[in-house]
2 protein chains.
Amino acid sequence: MSLIETPYLLFLGDAPDQLAAKVAQGIKDWRPEYAIGQYRLEGCKADMGLPDMNLATAKAAGCKTLVIGVANRGGIISPAWKKLLVAALEEGFDLASGLHNLLRDEADLVAVAAACGRQLHDVRVPSVDYPIANGVKRTGKRMLAVGTDCSVGKMYTALCMEKEMRARGLKASFRATGQTGILITGDGVPLDAVIADFMAGSVEWLTPDNDADHWDLIEGQGSLFHVSYSGVTMALVHGGQPDALVLCHEPTRPHMRGLPGYKLPSLKALNDLALEVAKVANPACKVVGISINTQHMAEAEARAYLAQVEAEMGLPATDPFRFGAGVLVNALEAI
Amino acid sequence: MSLIETPYLLFLGDAPDQLAAKVAQGIKDWRPEYAIGQYRLEGCKADMGLPDMNLATAKAAGCKTLVIGVANRGGIISPAWKKLLVAALEEGFDLASGLHNLLRDEADLVAVAAACGRQLHDVRVPSVDYPIANGVKRTGKRMLAVGTDCSVGKMYTALCMEKEMRARGLKASFRATGQTGILITGDGVPLDAVIADFMAGSVEWLTPDNDADHWDLIEGQGSLFHVSYSGVTMALVHGGQPDALVLCHEPTRPHMRGLPGYKLPSLKALNDLALEVAKVANPACKVVGISINTQHMAEAEARAYLAQVEAEMGLPATDPFRFGAGVLVNALEAI
């Protein structure tokens, strides 16, 4: 991903809500120096708080690449986006995307990019022939973030912990398993695009032998309780061989994301199932803490909720993005 | 798969043991009329009990297609097989394979097939753009076979149950999720080759709305306890929305297949984990019976073991291939 030229113009498209633009949000939060401006189509419900730019303004501001910062269900390149994507190539921008629907599979984009000498970067596409998982114990330590649902803050949790650990002088590596993480860090496994038989093996590949005191902080995907994606989560738990699990939850969600008929599990249910499954690959695995995404709660409400969760679960709880990841890193250091 | 011309010459290659040739075994057991002969290389440890044929003999016997009936770890087309595969094409046979390593990706096979006007059938390759699972409840009933390990008899269990149900005049469809099942029935989803995000959706696609009294008998894959493939199994459980689970086990296995450091779980552990996970997608799901693969046990030993399992688990237990699937079908009829 180091081949993607920075800085970026973040394309938010016609995002139906803020959550749909989490790719853009992640780049803006973790690599703000790359996030110069945003481009929104009519009806866009997401806002990164960045200057709204048209192509000419963004060009003048130095942007090199238009990054598709929005995802819709199924990962499709919307016909509504095409005019702008073509214009961006013509204006001299490269395009970068983590969608299932590849830029390189769109004949018009390929043709215009070729004519204009621009690059199409599909970070979704696995670039490695991953092995089948062998289950052999690896050196070094690993933390995996697991969630009650999709999009509850697993990536942010791992990134916050990496930042805190590096500030303390500890050895830690965020390991990206999704397109946003890959766009942020320039490396990783696009796990939901890996062929089924090689999922766990790709996670083993991503988190190889390391120093005994080094922690891989593995980005979670999906949820063991989300029927659309639970298989991906399972492969992360068994391929990652985590020594430590951090439970992630968003308390205001009315139902599982995209599944109106499905309620979120309790933190206790997640704790028990994730730990039982993780112990198959690493009998020493422990749940070390809880990460709550409190973005939809006032501060007093958030602090009260965290205190309640700590009391109920007997584990340290924080919103690492809002209140810091200190207690989670303390728990890792105690292992 | 109806395009694959029959009958077959089953290629056993240099199979290190009988289990490695389970594709050939499945075809021989369930479509014996297609299984005319076998071709074995030096050192082959598998034997289907079919006449050993060379290409000329097989041609004279009417064989139309050479089916690769052996799988090695990783699903590679071994260099040791190439001479024979090329010769088969030259002698007028089509080739059919369910390996990850596609026939169509081998330049020499493609060239010879084109020159000789022969077909290369890769049943491994998904032929459909599967949807993302939506978790919506479907009409009709579904049974899923889940195992303590890989290769313990999940496909045979479902096929035996289909045979018994059809003999009773019940509505039942075996739903293939692996290459052997697809080669046997001519339809299905090659689940371990599906892209991660679409695994559960492909299982929903495979088992659509049906008559209220119709049973889909879904072939299982992997095991929730097998760290290499557990993600595939998880997608089957959540995509299949089973009303009934049948637990499958092979009692003489010293460790998980391909994972020397991993012991098999108990039937009780499988019962509890599979049911807990299945209830996320279908709260009414029940474990209805147990299928034991007793092929490595004498008959008296097998019957004693089944009685012991029935007593311990409080569920009907049989080896459906050896002693019939009657008790399992009785259990489905009772739902």
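Axes here are lines fitted to C-alpha atoms, for helices over the stretch in contact, and angles run from 0 to 180 degrees between N-to-C directions. The model treated in these exercises is a predicted one.

**Exercise 1. Strands and helices of the sheet in chain A**

Task: Find the order of the six strands in the open sheet of chain A, and state which strands are at its edges.

Solution.
Step 1. The strands of this open sheet in chain A follow the order β7-β8-β6-β9-β10-β11, and their pairing is parallel.
Step 2. β7 (171-175) and β11 (317-318) of chain A are the edge strands, since each pairs on one side only.
Step 3. Inside the sheet, strand β6 (residues 141-147) of chain A pairs with strand β9 (residues 244-249) of chain A in the parallel sense, over five bridges. A:A145 has A:V246 in β9(A) as its bridge partner.

Task: State which strands helix α5 of chain A lies across, and at what angle the helix runs to β7(A). Do the same for α10 of chain A and β10(A).

Solution.
Step 1. Helix α5 (residues 154-167) of chain A lies across β6, β7, β8 (214-218), β9 and β10 (286-292) of chain A. Its direction makes an angle of about 160° with β7(A).
Step 2. Helix α10 (residues 299-313) of chain A lies across β9, β10 and β11 of chain A. The angle between α10(A) and β10(A) is about 160°.

**Exercise 2. The two sides of helix α10 in chain A**

Task: Compare the span of α10(A) with the expected value, then determine where its buried residues sit around the axis.

Solution.
Step 1. From first C-alpha to last, the 15 residues of α10(A) reach 21 Å, close to the 21 Å expected at 1.5 Å a residue.
Step 2. A:A302, A:Y305, A:L306, A:V309 and A:M313 are the buried residues of α10(A). They are on the same side of α10(A), because the arc they cover around the axis is only 100°.
Step 3. A:A300 and A:A311 are exposed on the other side of α10(A).
Step 4. The cover over the buried residues of α10(A) includes β9, α9 (267-281), β10, β11 and α11 (320-323) of chain A.
Step 5. Just after α10(A) comes A:G314, with a positive phi of about 65°.

**Exercise 3. The same analysis for helix α4 in chain A**

Task: Identify the buried and exposed residues of α4(A), and what covers the buried ones.

Solution.
Step 1. Helix α4 (residues 107-116) of chain A has A:L109, A:V112 and A:A113 as its buried residues. These fall within an arc of 100° seen down the axis of α4(A), so they line one face of the helix.
Step 2. Turned away from that buried side, the face of α4(A) carries the exposed residues A:A107, A:A114 and A:A115.
Step 3. Among the elements covering the buried residues of α4(A) are α3 (82-90), β4 (94-97) and β5 (120-122) of chain A.
Step 4. A:G117, just after α4(A), takes a positive phi of about 70°.

**Exercise 4. Three residues of chain B**

Task: Classify B:Y39, B:I76 and B:V327 as buried, partly exposed or exposed, and list their contacts beyond four places in sequence.

Solution.
Step 1. B:Y39 belongs to strand β2 (residues 35-40) of chain B. Its relative accessible area is 19%, and buried means under 20%, so B:Y39 is buried. The contacts of B:Y39 beyond four places in sequence are B:L9, B:L10, B:F11, B:L12, B:G13, B:M53, B:N54, B:L55 and B:L84. B:D52 is 13 residues away along the chain, with 5.7 Å between its C-alpha atom and that of B:Y39.
Step 2. B:I76 sits in the loop between β3 (65-68) and α3 (82-90) of chain B. With a relative accessible area of 41%, B:I76 is partly exposed. B:I76 touches B:W81, B:L99 and B:N101, when residues up to four places away in sequence are not counted. The C-alpha atoms of B:I76 and B:H100 are 6.7 Å apart, at a separation of 24 residues along the chain.
Step 3. B:V327 is part of helix α12 (residues 326-334) of chain B. A relative accessible area of 33% makes B:V327 partly exposed. Not counting residues up to four places away in sequence, B:V327 touches B:P316, B:A317 and B:T318. Between the C-alpha atoms of B:V327 and B:G289, 38 residues apart along the chain, the separation is 7.9 Å.

**Exercise 5. Relating the two chains**

Task: State the operation that lays chain B on chain A, and name the kind of axis.

Solution.
Step 1. A turn of 180° with a shift of 0.0 Å along the axis lays chain B on chain A, with an RMSD of 0.0 Å. This is the relation of a two-fold axis.
Step 2. Of the interface residues of chain B, 100% are also interface residues in chain A, so the copies meet through the same surface.

Terms used. Residues numbered from 1 in each chain as written. Chains lettered and ligands numbered in written order. Predicted model: local features only at pLDDT ≥ 70, side-chain atom pairs only at ≥ 80, totals over all residues. Heavy atoms only, no water. Least-squares fit on C-alpha atoms with pLDDT ≥ 70 in both. Contact = heavy atoms within 4.5 Å. Helix = DSSP H or I, 4+ residues; strand = E, 2+ residues; numbered from the N terminus. Buried < 20%, exposed > 50% of the residue type's maximum accessible area, 1.4 Å probe, protein only. Pairing = 2+ DSSP bridges. Expected span 1.5 Å × (residues − 1). Arc of directions from axis to C-beta.
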